[in-house]
Every structure is written in structure tokens, then in C-alpha cells.
Amino acid sequence: SGGQARAARGVPEGTLSSLEGRDTSARLPHAGRRAAGTGLCSVTGECQEVFLTVKIILNVFYPFFWQDEAGIPGILVGVSVDGKEVWSEGLGYADVENRVECKPETIMRIASISKCLTMMAVAKLWEEGKLDLDAPVQKYVPEFPEKVYEGEKVTITTRMLVSHLSGIRHYEKDITKVKEEKEKANRALKLTKSHQDKEQKEKEGKGIEKTDCAKQKKEHDSETKSRHSKPGRHDKEFEQEEYYLKEKFESVIESLKIFKNDPLFFKPGSQFLYSTYGFTLLSAVVERASGQKFTDYMLKMFRDLDMLSTVLDDNEAMIYNRARCYIYNKKGRLVNAPYVDNSYKWAGGGFLSSVGDLLKFGNALLYSYQAGQFKNRNNKLLPGYLKPGTVAMMWTPVPKTEVSWDRDGKYAMAWAVVEKNQQYGCCRRQRHYASHTGGAVGASSVLLILPEELDPTALGAQPGAPPRGVVVTIICNMQSVSLNSTALKIAREFDKEKQAQYTE
């Protein structure tokens, strides 16, 4: 029954009854929903159940987006299963003042998901032999000065740039503040691990039943807090002045002047520091390696990937279906986001896109990743945009890295990756997936790819065709909204429904 299915998924009963008893359509504009096949999803006839569950997840985590001036004004959600778009919807407003509702075709800032797009270009150039990942960046960009750290000449490579190991600063210029923040984060991580160890000891000493009750209470408290907390919270990172640059840079080489003469924060390769400016340098590398303007090369790649709605975040251009961006002022009121020009960081946070395009991008990667594992009868299976080994390299965690939005993950090459892992029988089982979040002035985003666990004994002989797995993307026109855990929950719901179909 529907209730049993919801219980199996762990949906809070109170949440369900409160949502089912409400006419949400009267309060929330549903400007567009696009689905494949019959009903919401062509995977199974019960996907309306999945849809309700996902709506509950959104209601739990983002209850305020029902009220456009009290929370997230607009949010876009897209889901694909095995390469087929099964859900694409816009909720809320793309333009609050003019009451323009979100729809699947709405275009928003995707922020740091731009890094994943840039990595695709880097990987393609590497496959074609045009780019050496381990050569000094000065081979391609002599305008970037050679660096010295603590009196020693050091080398920065493209491989370091894509994994944030270059030592190039982010928006914060004060190295002391950066070190303090890293120490705070490390202390918090140690406390979290200590708390987890304590819970494990309690479980062993006092029995599972008591620990499970405590866990349920903790999850309930966390859920209640999430329901009553306001999205778009204050984020220290957005205090950095360079987030709000208004200067228009005519080339990626010109934009290097912002940071190229600044000292490195650490020896390249020795530690992790997330850096959008590292990707600005990367865009110059792509430009020189390709022999084309970075923006021209990227737009051509988008055409090849059939991502026709993905464009530069250019303030002057007429871009149909572009949403407005919003923030909260110091009084907690919704206001228009300040004017910014993102031409200084095309590669790291300068693209606009739709959920449909991001699903295409995710599936192109997933297809490339899995293509070598399927039977290629009569050569009907086309090659992926990238080779399987290339995507595997991109999704291999890199030592010394970390991920702020997913404590289970490590950073790889412009992607955060969680590896498959299970330490104990009948206990927590970690699936392999790749994701990236984004935060920009007036926007937040996530793209998550959950590959299907294919039969390892059938290497090169899997039945069917790629891509196999779930891709989820969420974009909203409000900054400082955490979306990764929600995307993962949604991906798991669709994955469960798919697996249930296989077992029936």
C-alpha cells in the first residue's frame, strides 16, 4: 500500500499527513512540469508515490519556498533515470516582482557546477593530446608568473588546478584567516568523529533499541530545526568583496591580473584549498591548448552535448527564460541581488543553465563512464563523449583533498566523489556517486550522479545500454541554500523505485 511504501522509505508520518491534507497547488505556482511516458515517470506505474515522497523531502528541507518573500523565491528540480528525463519542474517564481513563474525551461546561475563543465573541456583536450595535465601551467600561459614558496621555486600544474591543490587563493586574501577557518573546520570534524565513536560505544554497551530511539529523536530534532530555519542564511564567504566585482573583463588572460601576483598560500600539491581563481587560470590553459577563445570553445562543446540553454552569464545579452537573483538584506527582507559581472570567473562560476541541460550533461558523463561495460552488438553502441577511463580518472578521489558539502566524500578532478564502502554486515552501506554544489550571488545549485551498481562479473558484457543510474539537479535563485543532501535523498528515492521494479 502507499502507506507501507512510505514507511519503508522512512518518510515522517506527520509530514506526510500534513502535506496530504493541504492543497499546495493553491499556494505554489506550478508553471510547468515535464515528464516522460505515462504520469510522472516511465520507469514504473507507481512513480506518483515517488513524486509525493520527493515533494515531502522538499517540504521538510525547504518549507519556506511556498512563500516567495519568506524563503526561496524559485527552485528548479530535474531527475533522469537511465538516461531518460522523468521529472523536470519549476516551483515558485523566477521573477517575484513581475510574478513570472518558474518552469522547466527557466535558466539560472549554476555557480560552481561551471567547474564540472570546464573539467569536461580539460578532459577532452587531454584525450586529444593537446593538453598535458602534468606540465607547468606556464607552458600554456606564460603571462602567469613562476611562483616561489618560502624561498623555493615551485611548479603548478593543470592536474593541481582541477583538484584545488595549487596553493592559489580563493576570495579571501588574508592567509591567517584562511588557516584559522581550516583549523576550525578540522576541530569540528574531529568532534563529529568523536561523537560518532561515542554513539557506537553506546550501541555496543546499552543495546541497539535504545540507540535507535536516540537516533530517531536526533533526526526528528534536526528535521524540526530544518523546517523552521530560514533559507539563504548568512554565509561568511559572501562577505568577500571580490564576489561582487562589477568590472567586465574582455578576456580570461586579462582576468588573471586579479590574483596572478599574489603569494601562494601553501606549497603546490601539499594541501587542499578550494579556489575559483585556480579555475580562472585553468580557463587560460584551455584557451591556449585549444587554440580558441575559452568562451568559444565551451559554447561549441555545449552544442556537441546538446546543451542549447547553457550560456555565459552575460548581463548585456538577451537571454530568454533567465531568472532574477535574490538575497536577504540585514533586516531579513527579500531583495534583488546586487549587480555583479562574472566575466572574471567563467570557468569556475560563470555559466547559466537549465535543469534539462544539466541532466544531459550528467548523462553524457554517465554514458561515457559505463560505455565499456556493455555488449556492443553489431557496433550499435556509440562511443561516449569521453573515454570510460577518462571519467574514471576524473572520479577517482585525490589524496589530501576534502569536501565541504559532503563529509563522506573527497575531491577528485572538479567533482566531489563518495566511494562505495561498507564496513560491517547489515550496517550502513555507502554508494558510489559524484556531485558538485554551487553558490553564487543570488543562486545555489547541485548536480549529483548516482551510477547503477553494475555486475562486476559481466565486464564488457552487460545487457542493455548505458547510461544506467540516476541524475539529479536542483537550482534556485537564492544564495546560501544547501542542496546536496536533498539531491542525494531524491536520487535514492528514484533508485529504490527502479530497484523495486527489477525485483517484482
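This passage walks through the overall make-up of the chain, its nonpolar cores, and the packing around helices α4 and α12.

The model is a predicted one. Its protein chain holds 14 helices and 16 strands, and 53% of the 504 residues count as buried. Contacts reach well along the sequence: taking those with a separation of 6 or more, 73% join residues 24 or more positions apart.

In soluble globular proteins, nonpolar side chains tend to be buried together. Here, the largest nonpolar core runs to 99 residues, and Phe361, Leu365 and Trp415 have the most contacts inside it. Helix α4 supplies the largest share of this core, with 9 residues. A separate core of 32 residues lies apart from it, and includes Ile72, Val96, Val470 and Met478.

Trp415 is worth a closer look. Once neighbours within four places in sequence are set aside, its contacts include Phe361 and Leu365, along with Cys116, Met394 and Trp395. Also touching Trp415 are Lys410, Ala434, Ser435, His436, Leu447 and Ile449.

Phe361 and Leu365 fall within the numbering of helix α12, which spans residues 355-370. This helix has 16 residues and stretches 22 Å from first C-alpha to last, close to the 22 Å expected at 1.5 Å a residue. Helix α12 is also mostly covered, with 14 of its 16 residues buried.

Next comes α4, at residues 113-127, whose axis comes within 11 Å of that of α10, at residues 294-304, the two crossing at roughly 90°. The pair therefore counts as roughly perpendicular. On the α4 side the contact is made by Leu117, Thr118, Met120, Ala121, Lys124 and Leu125, and on the α10 side by Phe294, Tyr297, Met298, Met301 and Phe302. By type, these residues split into 9 nonpolar, 1 polar and 1 charged.

Leu386 brings several of these elements together. This leucine sits in the loop between α12 and α13, the latter at 388-394. With a relative accessibility of 2%, Leu386 falls under the 20% cut-off and so counts as buried. Beyond its neighbours within four places in sequence, Leu386 touches Met120, Ala123, Lys124 and Glu127, and also Leu365, Ser368, Val391 and Met394. Of these partners, Met120 lies 266 residues away from Leu386 in sequence, yet their C-alpha atoms are 8.2 Å apart in space. Met120 and Lys124 also take part in the contact of α4 with α10, while Leu365 and Met394 are in contact with Trp415 as well.

Note on methods
Residues are numbered from 1 along each chain as its sequence is written. This is a predicted model: local features need pLDDT of at least 70, side-chain atom pairs count only at pLDDT 80 or more; totals for chains, interfaces and linings use all residues. Side-chain values use heavy atoms; hydrogens and water are left out. Axes are lines fitted to C-alpha atoms, for helices over the stretch in contact, and angles run from 0 to 180 degrees between N-to-C directions. Helices (H or I, at least four residues) and strands (E, at least two) are DSSP runs, numbered from the N terminus. Angles under 35 degrees count as roughly parallel, over 145 as roughly antiparallel, 65 to 115 as roughly perpendicular and the rest as oblique. Contact means heavy atoms within 4.5 Å. Ala, Val, Leu, Ile, Met, Phe, Trp, Tyr, Cys and Pro count as nonpolar, Asp, Glu, Lys and Arg as charged, and the others, Gly among them, as polar. The expected span of a helix is 1.5 Å times one less than its number of residues. Buried means under 20% relative accessible area, exposed over 50%, partly exposed in between (1.4 Å probe, protein chains only). A nonpolar core is a set of buried Ala, Val, Leu, Ile, Met, Phe, Trp, Tyr and Cys residues joined through side-chain atoms within 4.5 Å.
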